[in-house]
Number of protein chains: 2
Amino acid sequence: MTTTPVSLIDELIAGDQRALALAISAIEDRKPGYRELVGRLHHETTDAHVIGVTGSPGSGKSTLVNRLAEFYRSRDETVGIIAIDPSSPFTGGAVLGDRIRMSAAVGDDGIFVRSMSARGSLGGLSTATADAVKAMDAAGKDRIIIETVGAGQNEIDVVKTADSVLVLVPPQSGDAVQMLKAGILEIADIFVVNKADLDGADRTVKELLDLIEHDPIDQEANGWSTSIVETVATDGTGVDDLGSTIDTHSAYLETSNQGIERDRKRYAEEVNTIVREELAILLEREIDRQGGIDELAEAIRIRETDPYTVAESLVDPLRVSLGDDVD
Amino acid sequence: MTTTPVSLIDELIAGDQRALALAISAIEDRKPGYRELVGRLHHETTDAHVIGVTGSPGSGKSTLVNRLAEFYRSRDETVGIIAIDPSSPFTGGAVLGDRIRMSAAVGDDGIFVRSMSARGSLGGLSTATADAVKAMDAAGKDRIIIETVGAGQNEIDVVKTADSVLVLVPPQSGDAVQMLKAGILEIADIFVVNKADLDGADRTVKELLDLIEHDPIDQEANGWSTSIVETVATDGTGVDDLGSTIDTHSAYLETSNQGIERDRKRYAEEVNTIVREELAILLEREIDRQGGIDELAEAIRIRETDPYTVAESLVDPLRVSLGDDVD
């Protein structure tokens with residue numbers, strides 16, 4: 001079964017779920033032509049609202065994401081969900097059975113769920129996710145939710161590029177301080193104290209308010225002060241509230257310059273990541289040409305040469321073409 | 001006051017502490033000519049024994065490092081100490097007052113203490129540390145101890161390149177599991193249960209034994225099974241034991257192939273890091289040539305182009321010189 005990119009793109013834009021799944025598989029597998037595919041998709045995107053959801057394991061992220069998807073569906077908005085799971089092995093593009101965790105999603109064409117696992121190093125995951133967002137956007141999804149499975153640095157890096165970033169904090173977790181250290185708090189547009197029916201929710205809200213108040217950045221002056229919403233995802237309490245708060249944030253992004261600013265930052269980051277991946281490949285080839293890294297390292301070890309001289313010999317061929325001086 | 005690199009190197013090799021301090025400052029500041037300096041120093045190195053010390057804050061790292069330094073001094077071995085502190089602001093090379101935390105070190109020419117803070121992104125800290133190790137090695141230090149101040153990923157990456165890696169675990173900290181998650185345990189050659197006079201030390205030792213036993217890598221088959229040593233750094237208890245265990249590990253590295261393997265891996269990593277830093281600079285210039293990243297991102301945002309097309313336009317000039325096909 002061969003689907004040429006052109007008809008695939010047309011079908012995808014028309015909202016065909018199978019075409020969307022195939023496109024994301026091509027992106028994840030980096031099949032030949034995936035760059036052209038993503039390049040074309042980019043021109044079909046309309047800056048769908050991207051919501052990032054993170055928080056420590058056990059904070060109830062997937063349940064909340066399910067509720068949020070139901071909330072948007074009840075408003076007749078379409079939803080794409082990307083679950084970032086760097087720990088799961090890369091399954092390959094042949095697997096069409098994308099994880100459907102949401103019973104609500106089965107049989108509903110308005111929801112598309114996809115999990116993404118880590119590929120190579122150097123930002124492979126963030127590039128693949130950014131590309132998958134483009135595919136979902138081009139396919140007409142109104143809201144795209146990126147959900148992390150864990151809370152590792154890679155996953156946080158992916159989520160923080162979203163338009164609206166939700167950070168879940170379970171009550172009495174003592175997580176607040178840990179998250180602050182890990183730099184998770186500063187990426188939050190909205191704190192969600194989920195499992196708010198548990199003891200200690202009030203105290204956690206108070207801790208978060210304290211953190212916001214003592215933020216060295218004057219949030220009010222920025223036009224958006226991190227909000228706190230309490231939810232009980234298991235029974236849906238507070239989800240409407242959360243939806244409204246996300247709407248408010250989304251409106252803020254549109255009326256202020258911040259939405260455009262975020263888009264620019266995200267695109268700059270995307271370019272940087274793609275370039276770094278490309279350069280890593282070019283470098284790998286140059287190293288092979290010069291005998292392989294083991295041989296180069298051995299030459300350094302026996303003091304035939306030194307790391308800087310070897311590095312220069314690898315970079316010089318690149319330097320010449322840019323018109324730089326060669327030492 | 002001008003010191004030409006040549007006389008600086010001669011003085012450094014002769015063991016002059018001031019020359020060593022100046023050389024490390026030049027390395028940290030990346031003063032013009034620092035690469036040639038490090039290249040020359042590399043040829044003067046003799047593979048001094050490098051000991052990495054890490055562990056969570058409060059585990060007693062600096063006190064233990066002081067004791068270890070005293071232990072080596074009592075055997076008439078010279079010691080260089082590098083304290084990795086990414087959180088402290090970069091102080092600049094003009095500051096000659098290197099942190100002397102050790103009262104014992106004052107007035108003893110056999111000990112040289114230096115703190116290194118984070119510089120640019122992309123491995124600046126690990127390159128600077130590797131270069132500082134070379135300077136200390138060339139200056140004739142027998143043992144070079146790299147000590148992290150915190151336990152962040154960057155610091156761990158730096159320490160894990162050492163010949164012998166010590167991971168400190170305080171009793172009853174519950175740290176063992178956290179460290180396992182963070183990938184700290186797997187870099188350990190020797191676990192040090194410091195503050196072993198506290199309650200719970202036995203349990204912590206047992207937990208560590210369990211971890212070692214359940215290590216998926218067959219440690220015995222590798223020729224070195226992670227050791228556990230109990231110490232009380234504040235009064236010196238167990239430090240002789242630790243010294244002997246480090247000696248045993250050092251001997252293992254020399255008699256097995258592992259020492260050479262580690263050197264090779266470290267040099268390969270050094271080359272990779274330097275090259276990545278270089279490429280980042282080249283890329284920055286190419287981006288500037290093409291109008292700056294903000295302008296490129298804006299062109300993507302208004303759908304004039306897309307991230308992959310922009311990335312290609314940045315990488316293509318490099319690709320040509322390597323004889324690659326240009327699409």
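In this predicted model, strand β5 of chain A, residues 164–168, is joined to strand β6(A) by 3 bridges, and the two strands run parallel. Two pairings show how they line up. Leu166(A) stands opposite Ile190(A) in β6(A), and Val167(A) has Phe191(A) as its bridge partner.

On its other pairing, β6(A) is joined by 4 bridges to strand β7, residues 227–230 of chain A, and this pair too is parallel. Here the bridge partner of Phe191(A) is Ile228(A) in β7(A). Phe191(A) therefore takes part in both pairings, since its partners are Val167(A) and Ile228(A).

Let us now consider the side chains of β6(A). Which way do they point, and are they buried or exposed? Ile190(A) and Val192(A) point one way from the strand, which covers residues 190–193, whereas Phe191(A) and Val193(A) point the other way. All four are buried. This follows a general pattern: in a regular strand, side chains alternate between the two faces of the sheet.

We may now place these strands in the whole sheet. Chain A has an open sheet of 7 strands with parallel pairing, in the order β3-β2-β4-β1-β5-β6-β7. Why do β3 and β7 of chain A each have one side without a neighbour in the sheet? They stand at the edges, and each has a single partner strand, so one side is left free of a neighbour in the sheet; β3 covers residues 111–116. From one strand to the next, the twist averages 20°. Helix α8 of chain A, residues 201–213, packs on this sheet and touches β6 and β7 of chain A. The direction of α8 makes about 170° with that of β7(A).

I turn next to the two chains together. In the contact between them, 43 residues of chain B meet 43 residues of chain A. Which elements of chain B give two or more residues to this side? They are α3 (34–44), α11 (258–289), α12 (293–301) and α13 (307–321). Of these, α11(B) gives the most, with 15 residues. By class, the side of chain B that touches chain A holds 24 nonpolar, 6 polar and 13 charged residues.

Finally, how are the copies related? A turn of 180° and a shift of 0.0 Å along the axis lay chain B on chain A with an RMSD of 0.1 Å. The two copies are therefore related as by a two-fold rotation axis. The same surface serves both copies, for 100% of the contact residues of chain B recur in chain A.

Definitions and conventions
Residues numbered from 1 in each chain as written. Chains lettered and ligands numbered in written order. Predicted model: local features only at pLDDT ≥ 70, side-chain atom pairs only at ≥ 80, totals over all residues. Buried ≥ 20, exposed ≤ 12 C-beta atoms within 10 Å, placed from the backbone. Pairing = 2+ DSSP bridges. Contact = placed C-beta atoms within 7 Å. Nonpolar A, V, L, I, M, F, W, Y, C, P; charged D, E, K, R; others polar. Least-squares fit on C-alpha atoms with pLDDT ≥ 70 in both. Axes fitted to C-alpha atoms, helices over the stretch in contact; angles between N-to-C directions.
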